[in-house]
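Work through the exercises below with the sequence and the 3D structure at hand. Try each task before reading its solution.

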Amino acid sequence: MALSQPIRQDGPRATSIGVSLLCRTAGTALFTALALTVLPALAQTGEKIAKSGNAAGAPACVTCHGATGQGQPAAGFPRLAGLNAAYFLRQLQSFHDATRVNPIMAPVVQQLSATDRQALAEYYAGLAVTNHDGQPPADTKSLSVGESLAQRGDWNKGLPACAQCHGLKGLGVGAAFPQIAGQSPAYIVTQLKAWQTGTRKNDPLGLMHGIALKLSPTDIGAVAVYYGSLDAAPSTKRSVKP
C-alpha cells in the first residue's frame, strides 16, 4: 500500500466516532440555546427583585444602590451596575455565610434564595456603567499619593501596585478583581478598613487582608480619592494626533 494512501475507518468504530461527534455538537448547541434562554429570564427576575424586593421580605435594592445601580457616592453605597456576575454572586454568598460582614446587607441576603442571588448577579452585570457627575474635587496631594500607590505601590512597605490586580485604570480583571474606578471614596475606605479588621475575608488567597494591613489611614484615604476620581465607564473616544 502506498504511504500516501489515506487510511479508511469503516464499520462500527467509525460509526461510533461519528455518533460521538454528532452528540457532542448537538450537546454544545443545546447548552448554548439554554444559556441564551435562561440568563435573560434570570436577569428579568433580578430586575423585579432589584426594583420591588421579593415575597420573602427582601427590600428593593434600588433604595440604596439607585434606580440604575450606579450607587449613592455621598452615602457610601457602591455602584453595582456592570460588576462581573460571578464576582457579584460571590459577594452575596459571602454576606450570607458571614465571610463578609455588613449590618445592612446581612439581613437582606438572608431573605434571598440562591436563585434570587443568581438573578440579581445577572441583572446588575448587564446594566450600563455611567460616570458620576458633580463629585467634590479631591486635593492634589491626596490624588498624587493615591496614584503613586495605585500604579507603583510602595515596596518599602512591601505594597504591590493596586493596578497589578485591578487593571491600569481600575476597571477590574475577571471574576476575582472587581472594578474600583469611579466607586465612592467613602465606600472604598470602608472596605479597606473591613479588610484590615477581618470583617471582610472573602478575598482570593487572603491578598487584600495582607495589603490593607500595610496601609496607613493616609494611604487609605489617598487610594480611595484617586480611584473615586477615575472614570467608571471606559472612554470610547479615539485620540487624534495632529
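**Exercise 1. Find the helix that holds Gly-146, and decide whether Gly-146 is buried or exposed.**

Solution. Gly-146 lies in helix H6, which covers residues 140–152. The model is a predicted one. The relative accessibility of Gly-146 is 0%. Buried means under 20%, so Gly-146 counts as buried.

Next, look at what surrounds Gly-146. Leaving out residues up to four places away in sequence, Gly-146 touches Ala-222, Val-223 and Tyr-226. Gly-146 and Asp-219 are 73 residues apart in sequence, yet their C-alpha atoms are 7.0 Å apart in space.

**Exercise 2. Compare the span of H6 with the expected one, and state where its buried residues lie around the axis.**

Solution. Start with the length. H6 has 13 residues, and at 1.5 Å a residue they should span 18 Å. The end C-alpha atoms of H6 are 18 Å apart, which agrees.

Then take the buried residues of H6, which are Gly-146, Leu-149 and Ala-150. They cover an arc of only 95° around the axis, so they sit on the same side of H6. On the other side of H6, Thr-140, Lys-141 and Arg-152 are exposed.

Last, ask what covers the buried residues. The cover includes helix H7 (163–166) and H10. Just after H6 comes Gly-153, with a positive phi of about 75°.

**Exercise 3. Describe helix H8 from its start to the residue just after it.**

Solution. H8 runs over residues 185–197, a total of 13 residues. From first C-alpha to last, H8 reaches 18 Å, close to the 18 Å expected.

At the start of H8, a side-chain oxygen of Ser-184 comes to within 3.2 Å of the backbone nitrogen of Ala-186.

Within H8, the buried residues are Tyr-187, Ile-188, Gln-191, Leu-192, Ala-194 and Trp-195. Their arc around the axis is only 155°, which puts them on the same side of H8. Helix H9 (207–213) and helix H10 (217–229) are included in what covers them.

Just after H8, Gly-198 has a positive phi of about 90°.

**Exercise 4. Do the same for H3, from its start to the residue that follows.**

Solution. At the start of H3, a side-chain oxygen of Asn-84 lies within 2.9 Å of the backbone nitrogen of Ala-86. H3 has 13 residues and reaches 18 Å between its end C-alpha atoms, close to the expected 18 Å.

The buried residues of H3 are Ala-85, Tyr-87, Phe-88, Leu-89, Gln-91, Leu-92, Ser-94 and Phe-95. What covers them includes H4 and H5. Ala-98 follows H3 and has a positive phi, near 70°.

**Exercise 5. State which residues touch the most other members of the largest nonpolar core, and which elements give two or more residues to this core.**

Solution. The core has 21 residues, and those touching the most other members are Ala-50, Phe-88, Leu-92, Leu-120 and Tyr-124. Two or more residues come from each of helix H1 (11–52), helix H3 (85–97), helix H4 (105–109) and helix H5 (114–125). H3 gives the most, with six residues.

Take Leu-120 as a case. Without its neighbours within four places in sequence, Leu-120 is in contact with Gly-46, Ile-49, Ala-50, Cys-61, Phe-88, Leu-92 and Leu-112.

Apart from this core lies another, of 16 residues, which includes Ile-180, Ala-181, Ile-220 and Tyr-227.

**Exercise 6. Explain why Cys-64 forms no bond with Cys-61, and give the burial of both residues.**

Solution. A disulfide needs two cysteine sulfur atoms within 2.5 Å. The closest cysteine sulfur to that of Cys-64 is in Cys-61, 8.8 Å away, and therefore too far for a bond. By this rule the count of disulfides is zero.

For burial, Cys-61 has 16% relative accessibility and counts as buried. Cys-64, with a relative accessible area of 22%, is partly exposed.

**Exercise 7. Summarise the chain as a whole: how many helices and strands has it, and what share of its residues is buried?**

Solution. The chain has 10 helices and zero strands. Of its 242 residues, 34% are buried. Among contacts with a separation of 6 or more, 65% join residues 24 or more positions apart.

Methods: Residues numbered from 1 in each chain as written. Predicted model: local features only at pLDDT ≥ 70, side-chain atom pairs only at ≥ 80, totals over all residues. Heavy atoms only, no water. Helix = DSSP H or I, 4+ residues; strand = E, 2+ residues; numbered from the N terminus. Expected span 1.5 Å × (residues − 1). Buried < 20%, exposed > 50% of the residue type's maximum accessible area, 1.4 Å probe, protein only. Arc of directions from axis to C-beta. Contact = heavy atoms within 4.5 Å. Polar contact = N/O pair within 3.5 Å; in protein donor to acceptor, adjacent residues only side chain to side chain. Core = buried A, V, L, I, M, F, W, Y, C linked by side-chain atoms within 4.5 Å.
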